[in-house]
Amino acid sequence: YIGGEEAPIRYSSAQASDNLSVDEGTIALIYHEYSDGKIEAFFERKPSTHREYPNKLTLIGGHKDAPDYSPDITLLRELGEEIEGPGLEVLLNAYRENGMDYKTIRGYAAGKHYETHIKVIKIESAAGWEKVKQSRLTEGDATFLPLEKIASKKAEFAPDYFGLITQYFKEYHPTQYALASS
């Protein structure tokens, strides 16, 4: 309710100008756990010309487009748009087989409401992970970091991403996170 009247929130793409709209998107934390327990994650380093996050590490994903009827569809579309090479099929299959909803973050910034869905894609096989590592990104640079390096690169991550990533690994891989952080 706004001013005593019901005001519906409309879901729209990033181009919407109505301050009642929700800027919705979906991003994915993509990683592999090696047989020795070490973890490596896949990030995108945005180009220096990127409007929001120049030279920053981010998760793969993006804004909801009008035809996207769910966060899952948004993510699958974004993966297809952003990733080229043999790893795309591995990622799509892994998401269909074991993709996980991690959390949804809602807030208000820069005069807009936003809602970001965070998904997790764990690549189970080492062979599949090697294919993912051969991937190219259409916009930024593919960056693969072991868990122990993530902790030392806080300043290189886009705002809010570092905390989100470390929280996930603390919750779901506490032993590896503790070892990597020491």
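This briefing describes the nonpolar cores, one helix, the salt bridges and several single residues of the structure above. The structure is a predicted model, in which local features need pLDDT of at least 70 and side-chain atom pairs count only at pLDDT 80 or more, while totals for chains, interfaces and linings use all residues. Residues are numbered from 1 along each chain as its sequence is written, and side-chain values use heavy atoms, with hydrogens and water left out. Helices (H or I, at least four residues) and strands (E, at least two) are DSSP runs numbered from the N terminus.

**Nonpolar cores**

- The largest nonpolar core (a set of buried Ala, Val, Leu, Ile, Met, Phe, Trp, Tyr and Cys residues joined through side-chain atoms within 4.5 Å) has 24 residues, of which Leu29, Phe43, Leu59, Ile150, Phe157, Ile165 and Phe169 touch the most other members.
- At least two residues of this core come from each of β2 (22-33), β3 (39-45), β8 (112-123), α4 (147-150), α5 (161-172) and α6 (174-181), and the largest share, 6 residues, is supplied by α5.
- Phenylalanine 157 is in contact (heavy atoms within 4.5 Å) with Phe43, Lys56, Leu57, Leu145, Ile150, Phe162 and Ile165, when its neighbours within four places in sequence are left aside.
- Apart from the largest core lies another core, of 19 residues, which includes Leu79, Leu91, Ile123 and Trp129.
- As general background, nonpolar side chains tend to be buried together in soluble globular proteins.

**Helix α3 and its surroundings**

- Helix α3 (residues 126-133) has Gly128, Trp129 and Val132 as buried residues, where buried means under 20% relative accessible area, exposed means over 50%, and partly exposed lies in between (1.4 Å probe, protein chains only).
- These buried residues are on the same side of α3, because they cover an arc of only 100° around the axis, the arc being that of the directions from the helix axis to the C-beta atoms.
- The buried residues of α3 pack against β2, β3, α2 (87-98), β8 and β10 (141-146).
- Glycine 87, a residue of helix α2, is buried with a relative accessible area of 0%, and it is in contact with Lys131, Val132 and Ser135, leaving aside its neighbours within four places in sequence.
- The C-alpha atoms of glycine 87 and lysine 131 are separated by 4.6 Å, although the two residues are 44 residues apart along the chain.

**Salt bridges**

- The structure holds 15 salt bridges, each defined as a side-chain nitrogen of Lys or Arg within 4 Å of a carboxyl oxygen of Asp or Glu.
- Lysine 133 and glutamate 40 meet through their side chains in a salt bridge (3.1 Å, N to O), and since lysine 133 lies in helix α3 and glutamate 40 in strand β3, the pair ties together parts that are 93 residues apart in sequence.
- Within that pair, lysine 133 is partly exposed with a relative accessible area of 31%, whereas glutamate 40 counts as buried at 10% relative accessibility.
- The side chains of glutamate 52 and arginine 51 also meet in a salt bridge (4.0 Å, N to O), in which glutamate 52 counts as partly exposed at 40% relative accessibility and arginine 51 counts as exposed at 73%.
- Aspartate 101 forms a salt bridge with lysine 119, with the closest N and O atoms 2.3 Å apart, and the pair links distant parts of the chain, aspartate 101 in strand β7 (residues 100-109) and lysine 119 in strand β8, 18 residues apart.
- Aspartate 101 counts as exposed at 56% relative accessibility, whereas lysine 119 is buried with a relative accessible area of 5%.
- Asp65, Asp68, Arg77, Glu78 and Glu81 are joined into one network by salt bridges that share partners.

**Threonine 74**

- Threonine 74 lies in helix α1 (residues 71-82) and is buried, with a relative accessible area of 1%.
- Leaving aside its neighbours within four places in sequence, threonine 74 is in contact with Thr26, Gly62, His63, Lys64 and Asp68.

**Residues with positive phi**

- Most residues other than glycine have a negative phi.
- Asparagine 55 has a positive phi, near 60°; its place is in the loop between β3 and β4 (57-58), and it is partly exposed with a relative accessible area of 43%.
- Aspartate 160 has a positive phi of about 75° although it is not a glycine; this residue lies in the loop between α4 and α5 and is exposed, with a relative accessible area of 68%.
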